[in-house]
Each structure stands twice: as structure tokens, then as C-alpha cells.
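Hello,

Here is the structure I promised to pass on. Please open it first, then read my notes below.

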Amino acid sequence: MKMKKFNTITMISCWLLMLGSSACSSFLYDDSDTVIYADDEHLDSDADTLWSVTGIMNKMQALADRTILLGELRGDLVSLSDYATSDLREIAAFDVSSGNQYNSPDDYYAVINNCNYFIAHADTALLNNRNERIFMKEYAAVKAFRAWTYLQLVLNYGTVPFITEPIASKEQSEQQFPQYGIDDVCRYFINDIAPYADIERPGYGTIRNTDSNLFYFPIYVLLGDLNLWAGNYREAAENYYRYITLRNGRNSAYPITKACARFSANDSRWISVNDTWTSASFSSLGETSAASSELITMIPGDSIPSEGNYSQLRNLFNTTTANDYHETINPSQALVNLSAAQRYCHYTSGGDYVYSPSGLDDYLSGDLRLHAAYTKQMQPYTVDGKSHAYEVSNRKYQTRNVHLYRRTMVYLRMAEALCRAGFPRFAFLILKRGVNNYVIEDEVLPYYPNDQAWLSQFDFPVNLYVLETTAGANNENTIGIHSHGSGYSAADTTYVMPDDATLADGARLNYQIEKVEDMIMDEEALEFAFEGHRFYDLMRIALRRGDPAYLADRVARRTGTVDAVLQQQLANKDSWYLKLP
């Protein structure tokens, strides 16, 4: 059975329905459900191409929840409640069975195979009356879909069959394919997607109040990730920087912004928190690709629970009617301890810098991002005549869509790349102060006299990237990332660049690199807890250092005490990966 051709208006109308409720998903595929077919097996009309891209997005929805859960449950920042399913417990215990609903490599290959089909058959030579290639935006977007999906696949399975041609028959699927690991996948896709980095994403407007620009993976960010995993640190830093400076157009800015969770300046009891961090990053109001948006990429979810691609994350991270007010995922003791261990530097209404006390209730000690994101109210209340003992609210999971990439992630990964490229002081300043050309000229370049030409390409004009001051001018838009939850980190005299002047130059630099890298990992934990990045972040550092204990020790201590059995299990890297059938 071949797919019918539709005009563009009919196509977009059906897409509106599909992204709201998957109502059109049954029309997207022939009997196979593996490959999208078009008339004459050639995608050369707007309807064919748009239809095919939509079908790929539909397949992406099946990967949304597991991307978060496989990345978070295997880390050290969350714990499972007594109401967790056996499938979730298997993930947390690194003992995932073949029948686990989140262990389905077929879903990744469904995306990959549809991408392969599109790439093989889309007519990218077709021109419009302005001599522009009509389908190049979609072609680049599909290349990025495929690269991201392969990266997720290989991070979860270790070594995977590598297929770049469309498979349309059972016989084709049974042939022998080369086995690719993380280095092979990164090498291939760096070369594959780099030529398309400057191509704009497709513009399909707003769909059911959702900005469709957020459905795509920016190629510069993907190149940064691929180079970061591959150990090409200068290239990774350059790619992240290019995304930041080009995201809103040339001669524009994409600054960290002043969104944060902070105590009120006149609060002497340490209970009043002003939170602009969660509203800017995680609410439905933040699901926009506006110039100031924190969110970069998300996978849209269905709005009807009975549909197959409805995200269950809200029901896992919150108490809801759907889970009978029993949440599944909570902060781990390791996350609570890390958050409380931070020093909160407070600027008072009297013009003084002081540090908040320890021992405050409700995650108010130390960094405030955990307090801003997660609340557990231990007080009985009644819903529909039924009594409940407590209520859990995780403000990172309040919409039907699954958020994957955001601005702070790009800045922190750029810092990680700069650190490993040999510039730990540059990386540290992104955490402490934020970055603009004054910071680079005064506090970075003097320490690296042999690399000034390369470092000078990082251009953050001071009129576009304005550092925060206590005056609070309206044009201030840049703070250190640590200030998102730990107060005024630029003024914190205890939050300093690690150093050991007793070491020789090479050893001293290596010391700084590892210590700043540890600070970046702590910052990523504070910033991205619950968001699905943690296990992969730990894996990346452990592989980079050739030290499985870096991952094993942290994950084994997620309860606050050492799980010696789990620690020994994770000392073997093979245990990190799911098993392919």
C-alpha cells in the first residue's frame, strides 16, 4: 500500500491533530510500520516531505520518556518510592530484562530507518522560483534526528548495529551490519552533519499552542556533544560557542540571563524565596523559541492519555489523580546532601554580603534550585472524598512535552569542553561570574599567553552580555551559573578557582582541570537534577579519565551510604549498558 499524496493545507491540518492526539498516526505508514513509503518512492513534493518529517517526529515520541528515565534512574540524584514499577526498579538496579518496556532498541531503529529512507529519497536538488533548495531545511533536520538517535542508542547499548541505508524487507534486516561504539558513531556523524550546521530549521509555525521550532536539534549543539564525547575539546567548545552567538542571528546575544532562585533581600528569617528559574525554564510559558527562551529542544507529547505517545513523566515525578497521589521518583539523599553542601552568598537590603545558615527546612540550606524545583508537603488533604497524606510537586514536569536541550546545558558543556581543552580558568568563570569580553580579557587571556589567538575567537561583546551588579540595572543579563541557586557567586569568597602552586606547571594545570571538571559536574547535578542527563555525564567523565570508579562510587552512594554490591557491579563497564537482543 502506498501513501496518498495530499496538498499542503490538508497535510498541516492532519499534523495539527496528530501532535495533539496522534489521530492521524494510522495514516502515516503502510503495512510495515517501519518505513514511510511515498508514490514512486521519491519525496519530491511539499506534501511528501512534510508528511515524512512528521512521521519521523511521531516515532521520536516513543523515545521521549525513556531518554529521561534511562539517564536519571541510573544516576545518583534520584530515588524510587515504594510505588515504582518493576521496570523502573530494574533500570535503577542496572538489571534491565529483555521484557522491560523501556528496553526496546526497535524504537530507536524505527526512527533511524525512517530517517535513512528520507535521506535516500528526498529530492534536495529541487529549486523554487528564487533558486533556493526547497527541502534542504527538512533534510538537515532529519540528519540531526538521526545523529541524536544514534547517540542515544550507543550510549545506552554500548555497541550497536550501524545502518545508514533504508531497510524495506525482512531479508534486508537480517544481513550482517558493522558494529559501532561511541567513538565510531561520533566520528561518522561529526562528518555527516557538519555541512548542514548553518541551515535554518524548518518553520511550521505554532501547532496547538506549541512552537514547532522546538521540535528540532540544532546541529551546532549536536556537533558540540559529538565532539565532547569524542574528546575533540576545542572543536566542541567552538561548536557550542557558535550556537550561542548565532542562535538569535548575527550581532545578537543569547546570554545566561538572571533567572535564579534567591532569598528576598530583606528576608532575615531565610524563608522567602523569589524563583524566576523554574518559571523561565520549565513551565508551558517557557515553551517558546523566542530570543530569550531557555528551552532549545523538546519532544512534543500527546494530550490524551489513551494514546500511545502520552508522556507519563508528570505521573512519575508528581502526585496526581492518575497515580492515586503516589509519586514514583524523588530526590536522592546524595542530591539533598550536595545541595545542602553549597554556600549561599546573600546580598542583604542593607548592602552586605552574608552567608545563609545551615540546617534550614524544606531544602533551604545551601543551593536553592532543589527547593525551587521539588516540594513535598507533608500535610493531609482530601480530593474527591479521598484522604491523602502528602503532595509532591516537581516543577520540572508540569507540561505534556519532554524537554531535552536548554541554554544552560550549552553553557555548561561549553565550560566542560574549555576545561578539558586546557582552559580551566575560563570554564570556572562561566560558573562564578558569567562571561563577556571584559572577563575574557582581564581574567582569562593573561593566564594562557600561548593560546590568545584561539581564545580571542570567543567574542561576547560587553554591550550584549552585561554582567550582574548589585545596582540591578535593567540591561543586566549575565550571571555565573552557580548563581542560579547559590546567591551571588561572583561575590562568594569561598567559591574560588582550585589551584596548587606547589605543583610544576604541567601537573598544576592537570590539577586545575580535574578540580574544575568536578565543580562542573556538581553544577550540572544542581542545575539538571531530574532532567535525564546525570548518568551520561558521569559516564562521560569516567570514560575520559579511564576510571570506572568515578561513576561507580557516586551511584553507589545515592542513598547517602555506600551500596558495596552495586559499587562492585559498576566497576565493570559492561554493566553500564543495556543488552541488545
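**Helix α3**

The buried residues of α3 are A64, D65, R66, T67, I68, L69, L70, G71 and E72. Keep in mind that this is a predicted model. Helix α3 covers residues 64-72, and 9 of its 9 residues are buried, so the rest of the structure largely encloses it. Buried here means under 20% relative accessible area.

**The chain as a whole**

The chain has 581 residues, and 58% of them are buried. Its secondary structure comes to 22 helices and 16 strands. About 23700 Å² is exposed, with 47% of that supplied by carbon and sulfur atoms. I also looked at contacts between residues at least 6 apart in sequence. Of these, 72% join residues at least 24 apart.

**The cores**

In soluble globular proteins, nonpolar side chains tend to be buried together. The largest nonpolar core in this model holds 155 residues. Which of them touch the most other members? They are F145, Y150, Y411, M414, F426, F458 and F460. Helix α6, residues 136-157, gives this core its largest share, 15 residues.

Take a look at F145. Neighbours within four places in sequence aside, F145 is in contact with V53, I56, M57, M60, C115, F215, Y216 and F217.

There is also a second core, separate from the largest one. This second core has 10 residues, among them A261, W270, L368 and A373.

Best wishes

Notes:
Residues numbered from 1 in each chain as written. Predicted model: local features only at pLDDT ≥ 70, side-chain atom pairs only at ≥ 80, totals over all residues. Heavy atoms only, no water. Helix = DSSP H or I, 4+ residues; strand = E, 2+ residues; numbered from the N terminus. Buried < 20%, exposed > 50% of the residue type's maximum accessible area, 1.4 Å probe, protein only. Contact = heavy atoms within 4.5 Å. Areas by Shrake-Rupley, 256 points an atom, 1.4 Å probe, with all protein chains shown as cover. Core = buried A, V, L, I, M, F, W, Y, C linked by side-chain atoms within 4.5 Å.
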